[in-house]
Amino acid sequence: MQFIQLRNIHYRYPDQYQSTLTGIDLVIAEGEKIALIGINGSGKTTLLRIILRELTPTQGEILYPGDKPVIAFLPQDIRLSTEVCVGDFLLSHQADHYRIIKDIERLSAVGDLSVQQGIDLASLWHEYHAKNVADWENEVNSMLVRMDLQCMAERQCESLSGGESTRLQLAALLLKKPDILILDEPTNHLDLQHIMWLENWLNSYKGAVLYVSHDKKFIDNTATKIADLRAGSLQIRMGNYSSFTRDNKDLQQHQLTQYRERKKLIRNLEQAALKRRNWAHSFQPETRSEGRGAVYESIYNAARTQMQQARNIERRIRMLNDRYPVERPMFDKNRKLDFGKVHTSNKELINVSAMGFAYDDIWIFRDFYFNLGGAERLWLSGANGCGKTTLMKLIAAELQPQEGEISYAPRLRIAYYRQDLKLLDPARTVSDYLLQSGQDETHVHNLMGCIGLKDILAHVQMGSLSWGEKAKVQILGVLLGDYNLLLFDEPTNHLDMRSRDMLADALIQFNGAVIFVSHDRAFIQKIATRELCLSHPAG
């Protein structure tokens, strides 16, 4: 049974001339895992907002086969700042039940109840049983076990890692018993272990799921259908990303073959028509009495026959172009990023010796050693919370070790790409930020176009950019500088597939050193030359 159907959906923002979405058709059915893919700015968020009823389509309709389905949405930014503990966060999703539970706990903690407090407590217990609050508590406890959160039920939500926050919010969504789950970049804050956990969970989930992702391996392992959004149109293919890519390549090649054959046929027909016209004109030089046009009066006149054949051929050409057009398939332009050639050597660039670092007397590193050679691409692996970002900040000298030392080679210039994107001043325009590199404005605009940032964004404040656009701006900030050591902390988060591939190719060609944190398996496999696995601190 289908849950929702989008039919001929169009959408145009009031301040824009062109439509963002044109003629979108999509069915989301029970048990389907649909991966919505497309480059940054292609309209994926707009489509999600229409499905969530946050936007009203300019044209088209959303149909339901029966009752309106329950839709639950997990946004990209899933960090929780609330001081409430994990268990209470889930319990609070039934506000009335939560109030009863907390009031009972509060009064039960009073040592010597007054008469009125005793009456209130008895009334609360009556309400507790009448409203089956115990069933709600059991449901929440079962969800904590199901989502592997029972061990952190008493922890404050703000202390959770990105992966733990994702699991907690997913648990909260499931308590709503949704018919359709919509997930926006669910793997962005997950480590490899939790990405594989999410893959297994999605594959066993019986409901419908529509998710946005640019992680090829994740899509391969979970998707049953691919919805590719480009130029405002949606292309649907059954299967995972690998089959979609293979089928798309075969289809493009078939279309290109058809297009070339059609062009060849039209060219041959045009030549045949022109040859007959020229022959007819050369064979029958007489003109009408008024001096216009050739005369083809005799039924046996060969020139008349040739001219009629030419006209028939031209009519066939017009029919082919009008009724059965064949368009040239669209291929993505082969654009490249280039970090440029920098002065470097194969000698040791960084040496970390007996380093120790602690937050609030909790040691993250103790007696830690490692070194980095020139032209290495070092992958920092490990679970969330093991200290990968902390090590990045120590290498970038944003933090100082309490023990040991970090020594650097002479003339080492370090660029640091932060996963939180906090280096970008929200009040500053894109152009101002990129031009501080001293590069030519034309060169900056060419790079913006190369990575998929439209020219109109040059004078937009960075606070109004999407996550993907901010990530691209920060990458260009690194690219425009003269650095021989690049630190990338989760650079693929928020980037579309084409941009991920471009970044990977650029890092492969870079002759300096790279230290990076990533959980994108395709990206890691493509560029890493060495792995440094970090484990959780001992405490």
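Asparagine 351 stands opposite asparagine 371, which lies in strand β11, and I would like to start from that pair, bearing in mind throughout that what we have here is a predicted model. The strand that β11 is joined to here is β10, residues 348-359, and eight bridges hold the two in an antiparallel arrangement.

If we step back from that pairing, we find an open sheet of three strands, whose order is β11-β10-β13 and whose pairing is antiparallel. At the edges sit β11, residues 362-373, and β13, residues 403-408, each of which pairs on one side only. Going from one strand to the next, the twist averages 15 degrees. On this sheet packs helix α11, residues 388-395, which touches β10, β11 and β13, and the direction of α11 makes about 60 degrees with that of β11.

Let me now turn to a pair of helices further along the chain. Helix α13 covers residues 441-451 and helix α14 covers residues 467-479, and their axes come within 11 Å of each other, crossing at roughly 135 degrees. How, then, are α13 and α14 oriented to each other? An angle over 145 degrees would count as roughly antiparallel, and 65 to 115 as roughly perpendicular, so with a crossing of roughly 135 degrees the two helices are oblique to each other. The crossing is, in addition, right-handed.

As for which residues meet there, α13 contributes Leu447, Met448 and Ile451, while α14 contributes Lys472, Ile475, Leu476 and Leu479. Sorted by class, this contact between α13 and α14 has six nonpolar residues, one charged residue and no polar ones.

Methods. Residues numbered from 1 in each chain as written. Predicted model: local features only at pLDDT ≥ 70, side-chain atom pairs only at ≥ 80, totals over all residues. Heavy atoms only, no water. Pairing = 2+ DSSP bridges. Helix = DSSP H or I, 4+ residues; strand = E, 2+ residues; numbered from the N terminus. Axes fitted to C-alpha atoms, helices over the stretch in contact; angles between N-to-C directions. Contact = heavy atoms within 4.5 Å. Parallel < 35°, antiparallel > 145°, perpendicular 65-115°, else oblique. Left-handed = near helix turned anticlockwise from the far one by under 90°. Nonpolar A, V, L, I, M, F, W, Y, C, P; charged D, E, K, R; others polar.
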